[in-house]
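Hello,

Here is the structure we talked about. Please have it open while you read the notes below.

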Amino acid sequence: MPRQYKPLNSSNSQKDINPEQVASLASFITWSYLDPLVWKAARSSSLEYEDLPPIADYDRAEYIVPRSEKVIKRFKERHIFWGIIAIFSKEVVILSLLVILKTVSTFIAPFSLNQLLLYIQNGSAGAFYRPWMWVVFMFVGPMIGSFSFEYYTFLMMRATVRLEAIITQLVFDHALEIRVKEENHPEQDEGKAKGLEDLKPQTKDAQKSNLVGKINNLITTDVLNITNGRHFIMVVLPVARMIKLFGWEDKISKQIEEKREAELALLRKRQMLNVFNGNIKACVVDTKCEIPGANTSPAVLILYPLQTEVLDRLADDKTESEATIPEGEIGFRNASFTWSKEDNNKDTDVEERKFQLSIKGDLFFRRGQLNLVVGPTGSGKTSLLMALLGEMHYSPIGDDSGFQLPRDKGIALVVQEGWVQSGTIKENILFGSEYDEERYKKVQCRLQQDLSLFEAGDNTEIGEKGFTLSGGQNARVTLARAVYSKTEIVLIDDILASLDVHTGKFIVDNCFMGDLLKGRTVILVTHNVPLVAPVAEFVVSLDINGQIASQGSLSDALSKNERLLEEVMQEQQLIKEEETVDTPEAEKDTKQKGKLVLAEEVAVGHVSWAAMKLYYSNIGGVFFWVAFVSGVVLSRSSAVVAPWILGQWAAQFEHHPTENVSSGFYLWFYALALFGDLGGYSFSMIIWIRGQLGASRRIHKILISSVLGTTLRWLDTVPTARVIARCTQDIATIDVPLPALTVGWVILTNIKLTSFAAVIILVPRFIIPGITIAVLGFICGQIYMKAQLPIKRHMSNYRSPIIAHMNAMLTGLVSIRAYGAETSFRKESLKHLNGYIRPARSYYDCSRWVAIRSEALGSVLAGILALYILNDPSQNASNSGLALAMAIAFSSCTISWVRITNELEILGNSTERIEAYINIVQEPKPSKSGVPPAYWPSSGSVVVENLCARYSSDSPEVLHNVSFTIKSGEKVGVVGRTGSGKSTLTLSLLRCIPTEGKVIFDGINTESINLDSLRNSITIIPQRPELLTGTLRDNLDPFSEHSDATLNDALRSSGLFALQEQNDQVAKITLDSNISGGGANVSVGQRQILALARAILRGSKLVVLDEATSAIDYTTDAIIQNSLREASKDASLLIVAHRLNTIMDADKIIVLDSGNMVEFDSPANLLKKSDGYFKSLVDESGDREALYEIAEKAAKGDSRVEILL
C-alpha cells in the first residue's frame, strides 16, 4: 500500500513527487518504484532528462545545504570530519546496524551448508531439524545479507550525493567571502596592485596564486592527491588559444607527457604493490564513484578556509569602520588599506613591502554628482574603489578612523576590462533585473551599431570570458549593466581606457550626462582627464605614494600634482590625434542565430564499439590478450582444482587405513595447485598493468594532441570546463576504475565458467536450471543497462555547469559583491547542484534495482541445487559440498558479473566522451614535406594575393580578395573601422582560420608549410595577451631554451626596466616573480610588455601587434612604442592601429573596410588622394598638421622622425 506524501514544508509542498517518497515498504526495499522508469527506458531508445524522477524535497540542495551549514558552523574550530559525522549521524547509526546484520547473515549460508552435508553424510540419525529447513536458510540467509547490503549502499550513495552538494556549496560560499589578494586578483588593472612592480620573488606562498585553478581542483578532486600532470593541464587549457598562436602545441604536449609519465610511474608502483601484497581481490572490484567533490579530503576542506583570507566585514575579528562617519556619507576618514593582513607588517623589508593606500583626514564624495578620481600611473586609483567596497584590508590611523559606503540603495561596479558571463548580451545587461523596455532603450553605451553586426542582436551569445567580443565591447556591456541597474551609487574603473576617443566622447555626452545616471552618485576612475573634465563636479587626486594629493576642483588637482599634469597634457594631445579604429567583433554565425556555445551532446543507446575499441585496442594486441587470459584461466582452474584435491584426499581416509594414504602425494598436488593459482594471477596482473598503463598513456596523448590541434573556432564554442572534464575526470576513469572493472569482469567471467563447469561435471542434470538462471540474469542486466546508460550520460553532462558557474563567480568576484548579487549566484549554484543531484540519485538507485534482483536469482539457484542434491542418494558429502560451493560461487558471481558488466559499459561513457573529443575538427598535421628549409625565414617579406577568410567552414566570408606586399624590414599599419577585418587579417596570416588565396612568406607559400613552423616564425602580440601561471621566467621561456642573461636582456629591451624606473617606491620584478593565472595580477600594458619581451626572444622576422594602446596609460604606451621600434629593426612589423599617430611613420598603410582592402600605399601617398579613405581619417583628426608632418618626414627618410605620444 503506497505511503502518503508528507512534505518537509507544508506551506511549500512539491507538485512533482518522487516515487520514492510514496512507495510502499515492499516497493521501497526492492526498489520496485523504479519499475516505470526502467521499463520506459527498455521500450525507448533513450531517456530524456525530464523522464527522470523529480528530486525529493529532502534531497534538494536548498534543504540539505542550509541544514548542514548550521551543523558545520558548530564544528568550526574542529576538524570538518566531525561536522560531517554530525550531519549524517542518523545515517551512521543505521549503517552500523546494517553492517552488523550483513556480517551475521554471512554465517547463515555456510552453517546451513554444513548441517545439510552432515545430513547427507549421516542420514537422519541424530538430525534435530528437517533438511528442507537448511535449504530454506541457504536461500533466506543470502537474501537477508543482500537486503542489508543494498540498503547500506543505498544510504551510502544518498549520503555521498548530499555530501557532494554540501562540500561544493561550502567551497562556493567561502569563495564568495574571500579577499582576492593582488597575487590572484581576477579583475586586476594597472592601478590596483601596481602591477608587476609589486611582485616579489616567488616563495612557497606563490603556489597559492592560481586561485581559480585551486578551487576548481577542490570541487572536482582531492587537492592533496591531485597530481602535477592534471594541475598542469588545468593551467594550460585556459590559455590554449595563446599556445596555438605561438605554435607551441608540440612543445606543450611534450611537457604534459613528462608530467603524465610521473603520474603513471606512481600508478605503476601502487598497482604492483597491490599485486604482490595480495590486496587485489579478484571478485571485489573497486567501483569508487567519481563525482565532483565527493572524494574531496576533509583535511583539504579544513585547510582551505585557513589558507584564504575573508573580507574584513565578514571576519570574526573585523574592525568597526563606520562609527565615526556621518550617516549617509560616502568616503574615508584617517584610514589605511592594504591587500592583505600580512602587508601591514612594519618590519617587512622595503624591497618587499606591498602597496599601501593611506587617506589622512576626511575624504567624502559628493552624493548625486559625478566624482572623478585621478592620479599618475600606479598611484592606486583602483585601490581607492576597492577600499571603498571593502575589498582591501582596513587599518585605522587614528581613534576617529573609518570608511563608509551605504549599500541600502544598491551599488554598481564597472571594471576596466569588463566582466561578462557566458550568456546573451541582453542577459548580461539585465543581470537578473526585470526587463524594462523603455529603460533598456535609454542605455546609451553605443552598442546599437555593434548589435546590428549580429544577426541575433542582443540575443547573441557571449562566449566564455567574453572572447567573442572585443575589449571595447566587453567594457561597454559592463557599463550598460551598471547604467541599466537602479542602484544609487555607480563605481566606474577607467572604462574610457578601453574605448577610442569618439566612442569615449559619446559615452561621456550621452551616458554620463544621460537620464539614467542623472541624480546618481558616480565615482569614476580615469586617466582620460580631459575627456571627463567638463562633466566632473568633484575631483580627487592621488600621488604616486598612494596618498591624497588634493580634493576639490580639477585645477587644484593639477596644480598640486606635477606628474598628473604631465600625463593630462599628453593625454590631451592624444585625444586631438586619435581616431576611431576599433577592434573587430566576433563574426556572427548565421546558422546558429546568435548561439555560440552549443549544448553538450548526449549519446543515445549503448556505448559505441568505437568508444570501447579506443580503450581495449590500445591495451594490447592478440598476444597480450592471449597471455593475460591464459594467466587468469590458469589461476582460476588451479583455484577450483585445489579444493577438489582436498576432497579426494579426505575421501581416501573413509575407504583406506590412515597408514595407506599417501599424504605427500596429495599435498604435493595441492601445493602445485596453489602455486598455479598464485603464479597465474600474478603473471596475468603484471601483464595487465603493463597494458593498462600503455593504454592510459596513449589515450591521454591522443586526447591532448586532439585538443591542442583543433581550431580556434572550436575552442571559442566549447567551454573550457568541458575540456578540463575530459582531460581530468574522464582520464582518471580510464586510469583506475575502468581497468579495475575490466580485470574484474575477466576474472568473474572465468569464475562463472569454471564454477558452472564444475557443477555440471558433478551434477550433470543441473545444466538446464543453471542456464535458465544465467539467461534471466543477463536479461535483467540488459533491461537495467537501457536505463542506466542515459542516466550516466546526463550525470556526466551536468557536472560541467557546476565548474563553469564556479569559474564565472571567481572571475567576477569583486563585481558580484559590489552589486550584492551573492544571493542570486548562490541560488544559481544550488540550481546547478539540483540539476546534478537528479540523475545522480537515479543512477545509484537503479544500481540497487538490478543488484537486488540479481542476488535473488543467485539465491534461488543455490536453493534449487540444494534440494536436488538432497533428493539424490547417489551424491556423497564431498562432491555435494564442492558442487554447492561452486553453485554458490556461480550465483554470487552471476550477481557481480551482471553488475560489473553493466558498470563497465557505464564507465565506458568516459571513453565515449573522450572519443568524441578525439574526433573533433583538426588543423592540418605536420608532415615531412611541410618542413621549411633551415635558413627560412631569412627575411620578413610577405606577399598576399587574393586572400579570403572566414571564421569557420560554414560561416560567411569576412575577408575578401585582399592583396598586398610587405618588403623585408618594412613597418605596415592596418586601419579600419569596427568590423572591417583587421584582426581577421592577422589570424589569416597565421592560418588560424579557413583561408583561400596565397600568402607567401619569404618566398614560400604558407599553405605548404607546417603550421608549427609558420607560427614559430611569426610572433603575434594580441591586444589582450595571456600569461601562464608560474614565474616570469616560465612565461618568457616556458621550454628553458635561454639563459637568465638573455631573458633579462629581453626584459630590458622590451622596456620593462625603464617602466619600473619610473617608480622606485616598490620592489623590482625579477625572473622569479610570480604571475597568476592568465596574468590577472598585471595590467594590460604590462602584459603587452611581457609579450613584447617574448617576441624579442623568439627573434621573428615578422611581428604582428594588435595594439592595446587604447587601454593603457601614456607612460606604458610610450615605452612599448619605443621598445618595439628598437627591437624590430631587422623584422617586418604589422601593426593593427588604434591611434593614427603610431603608424604615420609607417612605410605602408593597409586600409580595410567591411573585409575589403580599399587602400594600400605609403602614408604620404595616401594623403595625396583627395577622396581617399585614409586622408579623411587624418583630416578629421584633431592634429591634422602634425600627422601630415610626420608622414612627410617619413617619406623623406628623415631618421629624426618623432612619434607624437
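**The six-stranded sheet**

Strand S6 and strand S9 (residues 489-493) run parallel and are joined by four bridges. Within that pair, Ala 412 stands opposite Val 490 in S9. Please keep in mind that this is a predicted model.

S6 and S9 belong to an open sheet of six strands. The order is S6-S9-S10-S3-S11-S12, and the pairing is mixed. Which strands stand at the edges? They are strand S6 (411-414) and strand S12 (548-552). Each has a single partner strand, so one side of each is left without a neighbour in the sheet. From one strand to the next, the twist averages 15°.

A helix lies across this sheet. Helix H14 (residues 381-389) crosses strand S3 (370-374), S6, S9, strand S10 (521-525) and strand S11 (538-542). Its direction is at about 150° to S9.

**The four-stranded sheet**

Another open sheet has four strands, in the order S14-S13-S16-S17. Here the pairing is antiparallel. Strand S14 (957-966) and strand S17 (1004-1005) are the edge strands, and each pairs on one side only.

Look next at S13 and S16. Strand S13 (residues 942-950) and strand S16 (residues 995-1001) run antiparallel, with six bridges between them. One position to find on screen is Glu 945, whose bridge partner in S16 is Lys 998.

**A helix pair**

Helix H5 (residues 80-87) packs against helix H6 (residues 89-105). The angle is about 75°, and the axes are 4 Å apart. An angle from 65 to 115 degrees counts as roughly perpendicular, so H5 is roughly perpendicular to H6.

Which residues meet there? From H5 come Ile 85, Ala 86 and Ile 87. From H6 come Ser 89, Glu 91 and Val 92. The residues of this contact divide into four nonpolar, one polar and one charged.

**Two residues to look at**

Start with Trp 248. You will find Trp 248 in the loop between helix H11 (240-245) and helix H12 (249-277). Is Trp 248 buried or exposed? Its relative accessible area is 5%. Buried means under 20%, so Trp 248 is buried.

Leaving aside residues up to four places away in sequence, Trp 248 touches Met 242, Ile 243, Asn 1016, Pro 1038, Phe 1039, Arg 1094 and Arg 1098. Asp 1012 is another residue to check here. Trp 248 and Asp 1012 are 764 residues apart along the chain, yet their C-alpha atoms are separated by 7.1 Å.

Then go to Asp 735. Asp 735 sits in helix H27 (residues 720-735). Asp 735 has a relative accessible area of 4% and is buried. What does the side chain of Asp 735 make a polar contact with? The partner is the side chain of Ser 696, at 3.1 Å.

**The whole chain**

Some totals to finish. The protein has 43 helices and 24 strands. Of its 1205 residues, 59% are buried. Take the contacts with a separation of 6 or more: residues 24 or more positions apart account for 82% of them. The pair of Trp 248 and Arg 1098 is a contact you can display as an example.

Best wishes

Conventions. Residues numbered from 1 in each chain as written. Predicted model: local features only at pLDDT ≥ 70, side-chain atom pairs only at ≥ 80, totals over all residues. Heavy atoms only, no water. Helix = DSSP H or I, 4+ residues; strand = E, 2+ residues; numbered from the N terminus. Buried < 20%, exposed > 50% of the residue type's maximum accessible area, 1.4 Å probe, protein only. Polar contact = N/O pair within 3.5 Å; in protein donor to acceptor, adjacent residues only side chain to side chain. Pairing = 2+ DSSP bridges. Contact = heavy atoms within 4.5 Å. Axes fitted to C-alpha atoms, helices over the stretch in contact; angles between N-to-C directions. Parallel < 35°, antiparallel > 145°, perpendicular 65-115°, else oblique. Nonpolar A, V, L, I, M, F, W, Y, C, P; charged D, E, K, R; others polar.
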